[in-house]
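Here's a walk through one chain, starting with the overall build and then zooming in on a few strands and single residues. Keep the viewer open and click along.

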Amino acid sequence: MSEQPQLHWSEGDTPHIAAWRSENGQLPPRRVVVADDTMTADTAWRLACEGTALLWRGDYHNARQLLQAMARRADRRPKKAAGKAADKARPLAESFHLHRMAQAQRARTLGMLLIPVEADGHIALRRAPEVREALAEAFGDEHAVLLKAPFVLALRELLGLIGAHEWRRKGVMVPALGDRIHPWYGVFSPIRGEYLDLIARAPLPSKALAFDIGAGTCVIAALLARRGVQRVVATDLSPRALGCARDNLARLGLDDRVEVVEADLFPPGLAPLVVCNPPWVPAKPTAAVEQAVYDPDSRMLRGFLGGLAAHLEEGGEGWLILSDLAEHLGLRSRDELLGWIEVAGLKVLGRDDIRPRHGKAADETDPLHKARSAEVTSLWRLGVR
């Protein structure tokens with residue numbers, strides 16, 4: 001295990017040091033000042049933009065309000081008409097990369113507001129919430145290591161793991177499943193249900209066995225089991241996803257029919273049905289949860305297609321559930337996808353399409369609106385040539 005990064009700062013003339021925690025691998029800031037309720041949003045925003053972190057010593061709720069004020073400054077849009085015209089004329093692939101760079105910069109700047117956590121896991125600030133359970137859920141075995149000494153993390157990240165704790169506690173209703181799925185911190189939540197509708201209505205080639213590749217919360221495996229598939233083998237590499245999948249199957253009473261296996265893509269053996277919903281955008285993720293959306297060079301998609309024929313029973317089907325957003329963004333072409341299918345020795349048996357229902361598809365202020373409004377999610381039924 002690599003050595004825990006450390007944050008250094010001074011209060012008065014006294015130097016301080018604490019462990020640094022960043023889920024996204026961000027290095028500890030080099031410049032740190034102590035901030036409290038007397039600091040204005042304009043000052044905080046200026047310092048954060050300059051790369052100076054703010055270690056909060058004031059009221060916790062005031063820190064949240066300060067972060068909201070900083071976010072409003074980050075989200076201010078240029079009002080020049082010429083700028084808007086240039087945005088419309090810019091190729092979508094370029095707009096996407098600029099959008100991602102702006103998102104990353106926004107995250108880095110807002111991540112400069114820091115919260116200290118004591119060695120016993122509580123936050124010694126006025127009106128601070130109890131976060132020990134949320135920390136334990138998010139970091140698992142690392143939690144015990146972290147709590148040997150005080151540590152510091154960004155308030156933005158702390159709010160994220162508190163929100164994930166509530167999602168895990170309450171669960172997310174999945175209409176296609178008729179039940180709730182409880183996502184863990186860092187595991188993509190099934191809030192976009194259209195791809196599950198495709199799986200719910202596709203004719204099953206067999207009810208004997210199915211493989212679910214890249215299980216995540218295990219919602220696809222659970223849906224297949226609820227549709228009558230007698231045995232499902234679900235795979236993933238992420239320890240959080242594996243734990244999340246097993247937890248959800250136990251909650252749903254399906255752990256006797258769905259086996260969760262740690263594997264890079266396929267488990268051993270053959271199946272009459274192999275299902276995969278890979279990340280749909282070939283770009284670099286900037287956080288663990290983004291690995292369900294962004295996949296550099298379409299590694300998982302190409303790996304699934306390249307290995308599918310070797311894991312299908314004779315006459316079996318591979319179901320590829322994939323959004324075409326990357327095609328509309330100019331990041332991957334339909335010809336590339338069809339070429340990978342052909343090179344893998346596969347053929348298209350059929351395809352079922354569905355339009356997205358998420359809010360961004362109708363948000364005309366979104367810089368990627370043109371691509372999002374044209375997006376279609378498809379279930380490709382693939383067989384061996």
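## Overall build

This is a predicted model, and its chain has 14 helices and 15 strands. The radius of gyration is 23 Å, close to the 21 Å that the globule rule gives for 385 residues, so the chain is as compact as a globular protein of that length. If you lay the C-alpha trace along its principal axes, the spans come out at about 75 × 55 × 35 Å.

How much of the chain is buried? Buried residues make up 50% of the 385. As for who touches whom, take the contacts with a separation of 6 or more: 68% of them are between residues 24 or more positions apart.

## Surface and charge

The accessible surface of the chain comes to about 18700 Å². Carbon and sulfur atoms account for 52% of that surface.

On the charge side, there are 51 positive and 49 negative side chains. The centres of those two sets lie 5 Å apart.

## Strands β1, β2, β5 and β6

Start at the N-terminal end with β1 (residues 6-11) and β2 (residues 14-20), which pair in the antiparallel sense over 6 bridges. One pair to click on is S10 with its bridge partner P15 in β2. The two strands form a hairpin with 2 residues between them, and G12 in the turn has a positive phi of about 70°.

From β2, hop over to β6 (residues 151-154): these two strands pair in the parallel sense over 2 bridges, with F151 of β6 as the bridge partner of A19. β6 also pairs with β5 (residues 113-117), this time in the antiparallel sense over 4 bridges. There, P116 has V152 as its bridge partner in β6. Are the faces of β6 covered or open? Both are covered: F151 and L153 on one side are buried, and so are V152 and A154 on the other.

## R106 on helix α4

R106 lies in helix α4 (residues 92-110). With a relative accessible area of 27%, R106 is partly exposed, falling between the 20% limit for buried and the 50% limit for exposed. Leaving out residues up to four places away in sequence, R106 touches A71, A74, D75 and R156.

For a sense of distance across the model, pick R106 and D255. They are 149 residues apart along the chain, and their C-alpha atoms are separated by 41 Å.

## Two positive phi angles outside glycine

R127 sits in the loop between β5 and α5 (132-139). It isn't a glycine, yet R127 has a positive phi of about 60°. R127 is exposed, with a relative accessible area of 54%.

C218 is also a residue other than glycine with a positive phi, in this case near 80°. Look for C218 in the loop between β9 (209-213) and α9 (219-226). Buried or exposed? At 1% relative accessibility, C218 counts as buried.

## S206 and S323

S206 is in the loop between α8 (194-201) and β9. Its relative accessibility is 18%, and the cut-off for buried is under 20%, so S206 counts as buried. Which residues does S206 touch, not counting those up to four places away in sequence? They are V229 and P272. S206 and E317 are 111 residues apart in sequence, but 9.2 Å apart in space, C-alpha to C-alpha.

S323 belongs to strand β13 (residues 312-323). At 5% relative accessibility, S323 counts as buried. Setting aside neighbours within four places in sequence, S323 is in contact with W280, R332, E375, V376 and T377. Another pair to check is S323 and I354: 31 residues separate them in sequence, and they are 9.4 Å apart in space, C-alpha to C-alpha.

Notes. Residues numbered from 1 in each chain as written. Heavy atoms only, no water. Rg over C-alpha atoms; globule rule 2.2 N^0.38 Å. Buried < 20%, exposed > 50% of the residue type's maximum accessible area, 1.4 Å probe, protein only. Contact = heavy atoms within 4.5 Å. Areas by Shrake-Rupley, 256 points an atom, 1.4 Å probe, with all protein chains shown as cover. Lys, Arg positive; Asp, Glu negative; His and termini not counted. Charge placed at Lys NZ, Arg CZ, Asp CG, Glu CD. Pairing = 2+ DSSP bridges.
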